[in-house]
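I have a new structure open and want to find my way around it. These are my notes, in the order I looked things up.

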Amino acid sequence: MTTEQDFNRFANLSYWVDKGKEDVPFHPKKNTILTPKSIKGLSQSYKVLKVEDNTKNGMQAMAVAPIKNGAVDTSEIVIAYAGTNFDDNLDRLTDATTVVGGDVNLSIPQWWSAPKKIDGQAISAQKFATSIKNSYPNAVISTTGHSLGEYLAIYIAAENQWKNTGFNGPDPYNILSDDAKKWIKENPGLLANYRNNYDKIGNFGGNKTGAAILLDVSKGGYNPAKSLDYHGLSTWQFDKSGNLVAPGRSSRDSRLAQMEATTRYQLWNLSVLSNKLRKSRGGLSSSIAEKH
């Protein structure tokens, strides 16, 4: 099972997809093998199934599947979306236009003419998710991300009725469809957006999705000089089993919460598959492990 620490590592690795970043060990690409030795904290090895580095709107995404008994198990897939690279004008424009303004399209300024309208990161994020869903129709898919990446990850999870576990994300309720809003209301607990109590960025937008799990990991109270530190992925701590721990939340509480969310999602998927079976009056094929 993908641990909370695995999700944390994938949220971080999605930033590395950006080929414009020069301060990372490597850029994940299709068929890259991620191991506990190469990525500290991973509970098991994973294979990268697909990446996207969208230079038109600044979105980065990565899809991975676990390697079990020497084979890639595509019955379980995680899609990770990258957050804001503050050196990227397109990311900053997305923060202003989509996260704050609620517009999924971007208007790219051009000095010689009117702004150019293009698909924003939310639209590209959905296209990436659709490509994974179409390539692996029997997979149980979940999403993760950090900051802007978690904003996108919650949005994608809600629109596709998937499970989400991510970090420090503003709430994307302002861009959700009516169907997605209805689904999250009827299925509480499938979206988990871990937020630091003192994180001004991650707490933007309130919590209309109900995804926020607010924890105090500041160690010593609020310090204005360290306001950005409260937004970082590295503030989150995990036990030896990969469960997130924080003051007031024991390892056992964390483990039980994750198990409950996973069980709810598995039951949800079983109901969806059951409905498909009744409609098709046929059998359900199992996912076939892919050799790497």
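Before I start on who touches whom: I call two residues in contact when they have heavy atoms within 4.5 Å of each other. Also worth jotting down at the top: this is a predicted model.

**Entry 1: a loop residue**

I began with Ala246. Where is Ala246 found? I looked, and Ala246 sits in the loop between β13 (244-245) and α6 (251-280). Which residues is Ala246 in contact with, leaving aside its neighbours within four places in sequence? I got Leu215 and Val217. I also checked Asp216: Ala246 and Asp216 are 30 residues apart in sequence, yet 7.0 Å apart in space, C-alpha to C-alpha. The relative accessible area of Ala246 is 10%, so I wrote Ala246 down as buried, the cut-off being under 20%.

**Entry 2: the whole chain**

Then I stepped back. I counted six helices and 14 strands in the chain. Of its 292 residues, 49% are buried. I looked up how far apart in sequence the contacts reach: taking those with a separation of 6 or more, 55% are between residues 24 or more positions apart. The accessible surface of the chain comes to about 14,300 Å², and carbon and sulfur atoms account for 53% of that.

**Entry 3: the cores**

I went looking for nonpolar cores next. A general note to self: in soluble globular proteins, nonpolar side chains tend to be buried together. The largest nonpolar core here has 36 residues, and Ile77, Ile79 and Tyr81 touch the most other members. Which elements each supply at least two residues of this core? My list reads β3 (60-68), β5 (76-81), α3 (121-135), α4 (148-160) and α5 (178-186). The largest share comes from α4, with nine residues. I also found a second, separate core of 26 residues, which includes Ala11, Ile39, Tyr46 and Val64.

**Entry 4: the strand β3**

β3 was on the list for the largest core, and I wanted to know its partners. Is β3 largely enclosed or not? Eight of its nine residues are buried, so β3 is largely enclosed by the rest of the structure.

I went through the pairings one at a time:

- β2 (residues 46-53) runs antiparallel to β3, and seven bridges join them. Glu52 has Ala61 in β3 as its bridge partner. The two strands make a hairpin with six residues between them, and Gly58 in the turn has a positive phi of about 90 degrees.
- β4 (residues 71-72) pairs with β3 in the antiparallel sense over two bridges. Here Ile67 has Val72 in β4 as its bridge partner. This is a hairpin too, with two residues between the strands, and Asn69 in the turn has a positive phi of about 55 degrees.
- β5 pairs with β3 over four bridges, also in the antiparallel sense. Val64 stands opposite Val78 in β5. I had already met Val64 in the second core.

**Entry 5: the two sides of α5**

Which residues did I find buried in α5? Ala180, Trp183 and Ile184 are. They cover an arc of only 95 degrees around the axis, which puts them on the same side of α5. That fits what I know of helices: an α-helix has 3.6 residues a turn, so residues three or four places apart point the same way. On the other side of α5 I found Asp178 and Lys185 exposed.

**Entry 6: aromatic rings**

How many aromatic pairs does a search of the whole structure find? I got seven. I looked closely at two of them.

Trp16 and Phe26 have ring centres 5.2 Å apart and planes at 90 degrees, so I noted the pair as edge-to-face. Trp16 is in helix α1 (residues 4-16) and Phe26 in the loop between α1 and β1 (33-34), 10 residues apart. Trp16 is buried at 14% relative accessible area, whereas Phe26, at 28%, counts as partly exposed.

Tyr194 and Trp236 have ring centres 6.2 Å apart and planes at 55 degrees, so this pair is tilted. Tyr194 is in strand β10 (residues 191-196) and Trp236 in the loop between β11 (212-215) and β12 (237-238), 42 residues apart. Tyr194 is buried, with a relative accessible area of 2%, and Trp236 is buried at 3%. Last note: ring pairs link Phe167, Tyr194 and Trp236 into a cluster.

Technical notes
Residues are numbered from 1 along each chain as its sequence is written. This is a predicted model: local features need pLDDT of at least 70, side-chain atom pairs count only at pLDDT 80 or more; totals for chains, interfaces and linings use all residues. Side-chain values use heavy atoms; hydrogens and water are left out. Buried means under 20% relative accessible area, exposed over 50%, partly exposed in between (1.4 Å probe, protein chains only). Accessible areas come from the Shrake-Rupley method with a 1.4 Å probe; for residues, only the protein chains shown count as cover. A nonpolar core is a set of buried Ala, Val, Leu, Ile, Met, Phe, Trp, Tyr and Cys residues joined through side-chain atoms within 4.5 Å. The arc is that of the directions from the helix axis to the C-beta atoms. Rings of Phe, Tyr and Trp (its six-membered ring) pair if their centres lie within 6.5 Å; planes under 30 degrees apart count as stacked, over 60 as edge-to-face and the rest as tilted. Two strands pair if DSSP finds at least two bridges between them.
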